[in-house]
Amino acid sequence: MAIQVCDERTNVSVATSNQNENRDITKVTSVERATYAFIPQTPIRSTDAHLEEFSEAMRTVAKTLRRVAEGKAAAQAEAAEWKRKYELEMASKEHKYHNLTKGCTNFGKDKLEQLTSQMALETASIDQTSCCGNHGICSHQILQDECPGPNREPHEKIVARKAPFRLLWGCDGDKNGQHKRDFVSFEKGDIKTAERSNKQILLKWESPPQTVLFVTKPNSSSVLTLCAEMVRWLKEHSNMNVFVEPRVSKELLLEDSYFKFIQTWNNDLEEKTLHTKVDLVVTLGGDGTVLWAASLFKGPVPPVVPFALGSLGFMTPFPSERYRECLGNVLERPFSITLRSRLQCHVIRDAAKDEVETEEPILVLNEVTIDRGMSSYLTYLECYCDSSFVTCVQGDGLIISTTSGSTAYSLAAGGSMVHPQVPGILFTPICPHSLSFRPLILPEYVTLRVQVPFNSRGQAWASFDGKGRIQLGPGDALICSISPWPVPTACLVDSTTDFLRSIHEGLHWNLRKSQSFDGPPA
């Protein structure tokens with residue numbers, strides 16, 4: 001009998017050792033230890049049949065615990081495998097969507113809507129097969145803590161879960177969406193815009209600038225004298241290379257042979273490569289001089305330091321009498337800049353079968369104006385924002401302005417004054433034949449199309465920053481959007497301070513006498 005009990009203990013010991021192989025389930029190990037500890041304490045008072053029955057029960061318990069441990073480990077492995085398959089499937093779907101929308105600029109509106117519907121159907125089909133599908137594993141059980149189902153007990157508390165979603169950027173080629181991700185982030189079902197730690201943009205030279213371009217107001221002897229003085233000071237103080245316009249080069253050489261070192265350009269091809277040679281642009285004049293300097297660059301624009309030698313000076317904060325101090329600060333230490341957006345415009349002729357009239361866009365810093373010219377009839381224009389109809393303009397014309405140009409023609413026509421770093425496009429009518437036609441401010445990413453309909457009584461004329469007028473006939477259209485190349489202008493203090501100073505000093509904004517104060521009542 002003692003030998004039989006010893007054999008039974010040996011069998012239980014073997015079962016215990018088999019259970020110890022699964023170290024992931026600590027509960028099983030503790031139960032087996034308790035079972036093993038219980039056997040030696042069992043008094044040997046019963047018959048052999050009782051001991052055999054007890055040992056058989058212990059083996060059954062051990063086998064059951066082993067099956068539980070193996071089943072739990074297999075379930076965890078299966079869940080991990082299906083989670084991996086789910087992530088791979090979602091990544092494959094996202095890659096497929098990226099390939100389908102990579103060239104969506106060539107798609108029309110109907111094709112884009114068809115593509116969106118197709119992606120929605122694919123998403124729905126994938127979600128149906130992956131959530132409680134053939135494999136019996138709900139993807140929401142992997143992504144969420146609990147998945148509500150029909151077997152939930154009435155007393156169990158239902159925890160509310162946010163519906164999952166994804167942010168998809170609209171694609172318009174490489175023009176839009178290439179830097180939007182820097183400003184908007186998506187995490188754990190919440191949308192937020194990235195916090196800008198510094199509201200003012202600073203420019204810091206990695207190495208000292210070597211070349212400067214001077215752009216001056218024409219037909220002014222005082223401006224030419226100041227330009228010669230500044231060029232001489234920069235050459236002697238910083239030994240900088242100096243570029244000037246061909247007109248200014250001739251005038252300086254006639255004044256003094258000292259200026260033989262200055263450089264200029266001789267044709268349009270050399271003018272197009274100016275941005276590869278010039279580190280800094282200095283303008284001497286008013287806002288019109290800044291507009292002319294910006295028009296010299298069809299692509300990237302170097303930083304512009306505008307000196308005030310005009311009348312209003314919304315974009316020229318630097319005083320000319322302190323040019324040594326101002327230029328020294330710009331050349332030697334970080335300085336604030338204002339990124340002024342430009343409009344790029346294309347003229348499309350009806351006779352040209354939707355081909356643009358010019359290969360390069362027309363860039364404007366202030367505004368493009370469509371007016372009736374010498375015609376006595378009202379201007380009749382159809383306006384579209386992307387593919388959405390906006391309105392028909394009947395009146396003297398329409399102004400499409402940047403925020404930098406909000407204090408120019410748009411303001412005179414009743415538009416609002418907008419900070420130059422606000423991303424937007426101003427849509428301002430000129431003397432509309434309707435009292436309810438109020439100006440609009442549209443987001444910067446839209447594309448505006450202004451078309452002369454075939455039933456228009458007269459023609460229209462488009463002018464760009466007050467110059468370069470182009471006639472638009474019935475069926476012709478003007479396409480306007482924000483250019484990817486802004487004009488960075490240096491600030492005397494910072495962008496907001498300079499803007500408020502300009503509207504106070506230049507426009508005398510909200511200037512009035514204060515109410516008299518006779519003291520508190522007795």
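Tutor: Two strands are said to pair if DSSP finds at least two bridges between them. The model under discussion is predicted, and that criterion can be applied first to strand 13.

Student: What makes strand 13 and strand 17 a pair?

Tutor: Four bridges join strand 13 to strand 17, residues 448-451. The criterion asks for at least two bridges, so strand 13 and strand 17 qualify as paired. Their sense is antiparallel, and within strand 17 Leu-448 is the bridge partner of Cys-385.

Student: How do you know that strand 13 also pairs with strand 14?

Tutor: Seven bridges link strand 13 to strand 14, residues 388-401, in the antiparallel sense. Against a requirement of at least two, the count of seven therefore establishes the pairing. Thr-379, for instance, stands opposite Gly-395 in strand 14. The hairpin of these strands has two residues between them, and Asp-386 takes a positive phi near 55 degrees there.

Student: Why is strand 13 described as mostly covered?

Tutor: Strand 13 spans residues 379-385, and five of its seven residues are buried. A residue counts as buried when its relative accessible area is under 20%. In the protein, buried residues make up 38% of the 522 residues.

Student: Asp-465 and Asn-510 each have a positive phi of about 55 degrees without being a glycine. Is Asp-465 buried or exposed, and how do you know?

Tutor: Asp-465 lies in the loop between strand 18 and strand 19. Its relative accessibility is 13%, and the limit for burial is under 20%; Asp-465 is therefore classed as buried.

Student: Is Asn-510 buried or exposed, and what decides the matter?

Tutor: Asn-510 lies in the segment after helix 12. With a relative accessibility of 65% set against the threshold of over 50%, Asn-510 counts as exposed.

Student: Why is Ser-401 called buried?

Tutor: Ser-401, a residue of strand 14, has a relative accessible area of 0%. The cut-off is under 20%, so Ser-401 falls in the buried class.

Student: What makes the approach of the Ser-401 side chain to Gly-405 a polar contact?

Tutor: A polar atom of the Ser-401 side chain lies 3.3 Å from the backbone oxygen of Gly-405. A polar contact requires a pair of N or O atoms within 3.5 Å, and the distance of 3.3 Å meets that limit. Ser-401 also touches residues more than four places away in sequence, including Leu-343, Asn-366, Glu-367 and Ile-425.

Student: Why are helix 6 and helix 7 called roughly perpendicular?

Tutor: The axes of helix 6, residues 221-238, and helix 7, residues 246-255, come within 11 Å and cross at roughly 75 degrees. Angles of 65 to 115 degrees count as roughly perpendicular, which means that this pair of helices belongs to that class.

Student: Which residues form the contact of helix 6 with helix 7?

Tutor: Leu-224, Cys-227 and Ala-228 of helix 6 meet Val-248, Glu-251, Leu-252 and Glu-255 of helix 7. By class, the contact has five nonpolar, no polar and two charged residues.

Student: Which elements cover the buried residues of helix 10?

Tutor: The covering elements include helix 6, strand 6, strand 7, strand 8 and strand 9. The buried residues of helix 10, which spans 323-332, are Tyr-323, Cys-326, Leu-327, Gly-328, Val-330 and Leu-331.

Terms used: Residues numbered from 1 in each chain as written. Predicted model: local features only at pLDDT ≥ 70, side-chain atom pairs only at ≥ 80, totals over all residues. Heavy atoms only, no water. Buried < 20%, exposed > 50% of the residue type's maximum accessible area, 1.4 Å probe, protein only. Axes fitted to C-alpha atoms, helices over the stretch in contact; angles between N-to-C directions. Parallel < 35°, antiparallel > 145°, perpendicular 65-115°, else oblique. Contact = heavy atoms within 4.5 Å. Nonpolar A, V, L, I, M, F, W, Y, C, P; charged D, E, K, R; others polar. Polar contact = N/O pair within 3.5 Å; in protein donor to acceptor, adjacent residues only side chain to side chain.
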